[in-house]
Structures are given as structure tokens and as C-alpha cells.
Amino acid sequence: MAHDVVLIPGDGIGPEITSAMRRVVDASGVDIAWNVVDAGAGVMDEFGTPLPEHVLDAIRSTKVAIKGPITTPVGTGFRSVNVALRREFDLYSCVRPCLSMPGDGSRYTDIDLVIVRENTEDLYAGIEFDEGAPEVAELSQLIEASGQKTFKPDSAISVKPISVSGSRRIVEYAFEYARRCGRHKVTAVHKANIMKASDGLFLRVAREVAERYPDIEFNDKIVDATCMGLVQDPYAFDVLVLPNLYGDIVSDLAAGLVGGLGMAPGANIGRDIAIFEATHGSAPDIAGKDIANPTAEILSACMMLDHLGEGAAATRIREAVKKTLAAGESVTGDVRRAQTGSAEGCVGTQAFADAVIANL
Ligand code: NAD
């Protein structure tokens, strides 16, 4: 029986990389009934919202979706559709494996680490007050009344909530993932030396959870030192569990260890719904030119196939991607440039997908 999957092509490079991904998945022989629905700025005029109700209903019904990136206006305009989807379905866990593949163009080899990012809280919660909003003055009074030095009156405020329950479930997820996938160590990343309340809570809960997993090594590290450590000795890390914002930033850093954003897949997992998407954004600088690297999206589809119980097909696709990259003849410009300093001789998005299909 076919697997029902919602496909949101997204915008920017989204339609190109999702079409390449879909062709590869279909060529693997897995029977997927794709329900293609649109979200983002392109549907605003028609539906008055970038995330129409029928898109949410479709995902509620299939429980599995894969999406291309969706542009979020910077500074003003609508809030992130990506963040809204994670919050709507309580997709609290963002899993981003970073695995080296020969020919990926990275300076590093044999990287094998996994970012587990909390996906619903922190500065991403969307609780914000613009400069001049009456709440800013009220907050200032509240802070003064608590005996703390308040902020400048012309401030804008973003609130950083981190809860015991939210921290516990993401750290538990990281440990369960480590056990299930035969990993040996979990590192909790924080800035608890400065944000003693919010990050301090995250660290305290992480330590409590770690005690229940004596078979898995545990340590914690401050986020700035983690960034330096990842660049200097990434082999010292295995599974990293982080609050939302640090997870976002460190994910891109980790993508840079395995050839760049075009190589880094991801999954947003909740209790009963999962949405798969690459780590990267809509890359407007290269959109519509058939030059984006679809590997991250194809590898995200592999994570989806694992989730759907189609692990054999996922493995075949991963091997075909590896073979294509290792052969080095049909690689996209980002990979070729990283390898040789020039994109000369690279192939386009769809030609890369054709090469992967030929290697299936
Ligand atoms: P980005 O990830 O889109 O691009 C950063 C750089 O990486 C660019 O130079 C881009 O060309 C390159 N790049 C990204 N993906 C690539 C690929 N597959 N192949 C080759 N090169 C690739 O980050 P940005 O430019 O900061 O963000 C653009 C938009 O995407 C913003 O509106 C942002 O909010 C949005 N965004 C969406 C998601 C999502 O949909 N989940 C995630 C991150 C950013």
C-alpha cells in the first residue's frame, strides 16, 4: 500500500530540490502517494495567510510531510512558516545528522555527529515586544520591582522561555536516540554561566536525565567553547543536545564540517507527526538556476523513509548518493568549488539527481 506523504515544495530553491528528491524517491521503488500543497508568501494573496488551514489538515491526516525551505521576511512581515509548523504540531525534536561522505568537498573526513535541537521554546517562542510597545514599559517596571537593574527604555524585547518539561523531553529524546542508534555520548550545550535561570534550568534537567542513562557517557559544554571545539576537534563529539537558538546556529556550523548546507538533512519529530526538511534555507541567491545541491533534501527523504519503515530503500538511496559524490563526475557547483576552488565541470540540480538515480 502506498505511503501518504504531504509534500510542500516551498520557495526559493525549494521547488528545484524537492522535485529532484521526489524523482530519486520514486525511482527507489517505494510507493508514495504525494499530496502536494503550497505554503509561504506565494499563497498569501489567495488565502490571506502563508500557512493555510488545508495545509495543516493535510499534514494532520498523513502525519508525515517533507518540505522545501520557505522564506521568512527579515525584521518585518509574517512570522516563520517553518517555526509555525513546528509549534502547531509540537514537533519538539529537530534531529540533524552530520555525516562525512567521500567527495563531499569538506576539509574534514569521517565526521559523524548528530545535533538534537529543541524545536519549540527559547528565543524562537515568538514572544516579542517592539520598541515603544506599552508592554516594554510594564516589563521594565516589573524588573525594577524585582530588584534587578532594568533595560534602556528604547529597547525591543524577545522573551526566552525554557521549561523543565520542554528540556526534559528533548534531553530524553537525545538519550533515547543515542541508545537506539548505538551512540556512546551526549553533550548538553548551554550558556548557563551567564543565563543562570533559563540555561541553568536546561543544564540541571539535562544532568538529572543523564543519571537515568548510565550506559551513555554525558558531559556539558558552554556554547561558545562548543563552536571552537567543533571546528578544532569535531571527533570529540557524538550527540549534541541544545536549546532552540544554539541548536539552529550550531547546526549550520556542523553542516560546514560535512561539505556545507547542501549536504545537511533534518527531521522535525513530534509524538505522532514528523516533518522532514534540509537544514538550509531557501537560498534566494541561487534560486531558479538549477544549481542548488539537492543532497540535503534527498538525505532528509532517507530519514523520512526510515520513519516510514522503508529502511532498505533509504539505505539504497544513501549508498547511491555516496557513490555519486565519490565518483566526483556529477556533483553540483558548491561541492566542486569546495574541492577545486572553481565550479567548472559541475552539473545542475536535476543532473545530480539523474546520476543518483543511475546509481540506485
Ligand atoms: P540559506 O540556508 O538559504 O543560504 C545560506 C547560503 O548557503 C547561501 O549562500 C546559499 O546559496 C547556500 N545554500 C543553501 N542551501 C544550498 C544548497 N542546497 N545548495 C547549494 N548552496 C546552498 O540561508 P539564508 O540565505 O540566511 O536564508 C534564506 C531564507 O531561508 C530566509 O528567509 C530564511 O528565513 C529562510 N530559512 C528557511 C528555513 C526553512 O525553511 N526551514 C531554514 C533556514 C532559513
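Start at serine 282. One of its backbone N or O atoms lies 3.0 Å from an oxygen atom of the ligand. Keep in mind that this is a predicted model.

Two further polar approaches. Isoleucine 70 brings a polar backbone atom to 2.9 Å from a ligand oxygen. Glutamate 277 uses its side chain: an N or O atom there is 2.9 Å from a nitrogen atom of the ligand. How much of the ligand's accessible area does the protein cover? On its own the ligand has 820 Å², and the protein covers 70% of that.

Now the shell. There are 22 residues around the ligand, and those coming nearest are Ile70, Thr72, Gly281, Ala283 and Asn293. By class, the shell holds 8 nonpolar, 9 polar and 5 charged residues.

On to the sheet. It is open, has 10 strands, and its pairing is mixed. Reading across, the order is S2-S1-S3-S12-S11-S4-S5-S10-S8-S9. Which strands sit at the edges? Strand S2, residues 32–36, and strand S9, residues 217–222; each pairs on one side only. From one strand to the next, the twist averages 25 degrees.

Take one pair within that order. S5, residues 112–118, and S10, residues 239–242, run parallel and are joined by 4 bridges. Valine 114 has valine 239 of S10 as its bridge partner.

Finally, the helices. H4, residues 81–88, packs on the sheet. Helix H4 touches S1, S3, S4, S5, S11 and S12, and its direction makes about 170 degrees with that of S3. H8, residues 223–232, lies across S5, S8, S9 and S10. Helix H8 runs at about 105 degrees to S9.

How values were computed
Residues numbered from 1 in each chain as written. Predicted model: local features only at pLDDT ≥ 70, side-chain atom pairs only at ≥ 80, totals over all residues. Heavy atoms only, no water. Near = heavy atom within 4 Å. Polar contact = N/O pair within 3.5 Å; in protein donor to acceptor, adjacent residues only side chain to side chain. Areas by Shrake-Rupley, 256 points an atom, 1.4 Å probe, with all protein chains shown as cover. Nonpolar A, V, L, I, M, F, W, Y, C, P; charged D, E, K, R; others polar. Pairing = 2+ DSSP bridges. Helix = DSSP H or I, 4+ residues; strand = E, 2+ residues; numbered from the N terminus. Axes fitted to C-alpha atoms, helices over the stretch in contact; angles between N-to-C directions. Contact = heavy atoms within 4.5 Å.
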